[in-house]
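This report describes the fold of one protein chain. Look over the sequence and the structure before reading on.

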Amino acid sequence: MRLPIPDPPYEGGCLCGHVRYRLDARPATMTACHCDACKKLSGGTNLLVITAPRDRFHHLSGEVQRYRRTGESGRQSDVVRCATCGTRLWHEPLSFPIVTLAAGTLDDPSWVVPASEIWVERASPAAIFHSDATRFHGQPPRDDQIAAFQALYGDDA
Ligand SMILES: [Zn+2]
Ligand SMILES: [Zn+2]
């Protein structure tokens, strides 16, 4: 079931509570990624993320650790985790001015349902798909994920 997206800001943080953040913008995309890296980093079948402009995202408190990862595309991003409990919180791609926020770290993640499912050819048999989300093989262009989001939620960002 899709709930309406509440108005920003959205707050969240890690498991132990040291790291807190606030996002002041409505998401541009909501995506479930089934790639192998997201399986490793989440320890689950996939990772559910929202993206938004990085200048609207604020790290409020708590020490973080960064791991710079090079993807199959050759593009790099920093994976940001709590230095105390290790919860993976967000990614900062070096090539785009966006933040990719792990939806499960939001204080209220109930409204995050994927509009795009990506890397579906690598999806675990245990993964659950939402019938109205657009499915993509591999990593689609960001504009395609934005279009999939707007088709379901409108363009009032
Ligand atoms: Zn923590
Ligand atoms: Zn992924």
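Two residues are in contact if their C-beta atoms, placed from the backbone, lie within 7 Å. Residues 24 or more positions apart account for 54% of the contacts in the chain with a separation of 6 or more.

The model is predicted: local features need pLDDT of at least 70, side-chain atom pairs count only at pLDDT 80 or more, and totals for chains, interfaces and linings use all residues. Residues are numbered from 1 along each chain as its sequence is written, while chains are lettered from A and ligands numbered from 1 in the order in which they are written.

The chain holds 2 helices and 11 strands. Both kinds of element are DSSP runs numbered from the N terminus, helices (H or I) of at least four residues and strands (E) of at least two. Of the 157 residues, 32% are buried, that is, with 20 or more other C-beta atoms within 10 Å of their own, C-beta atoms being placed from the backbone.

An open sheet is built from 8 strands in the order β6-β7-β8-β9-β4-β3-β10-β11, with mixed pairing. Strands pair if DSSP finds at least two bridges between them. The edge strands, each pairing on one side only, are listed here.

| Edge strand | Residues |
|---|---|
| β6 | 64-70 |
| β11 | 134-135 |

Strands β3 (residues 29-33) and β4 (residues 47-53) run antiparallel and are joined by 5 bridges. In this pair, A32 stands opposite L48 in β4.

Methods
A residue is buried if 20 or more other C-beta atoms lie within 10 Å of its own, exposed if 12 or fewer, and partly exposed in between; C-beta atoms are placed from the backbone.
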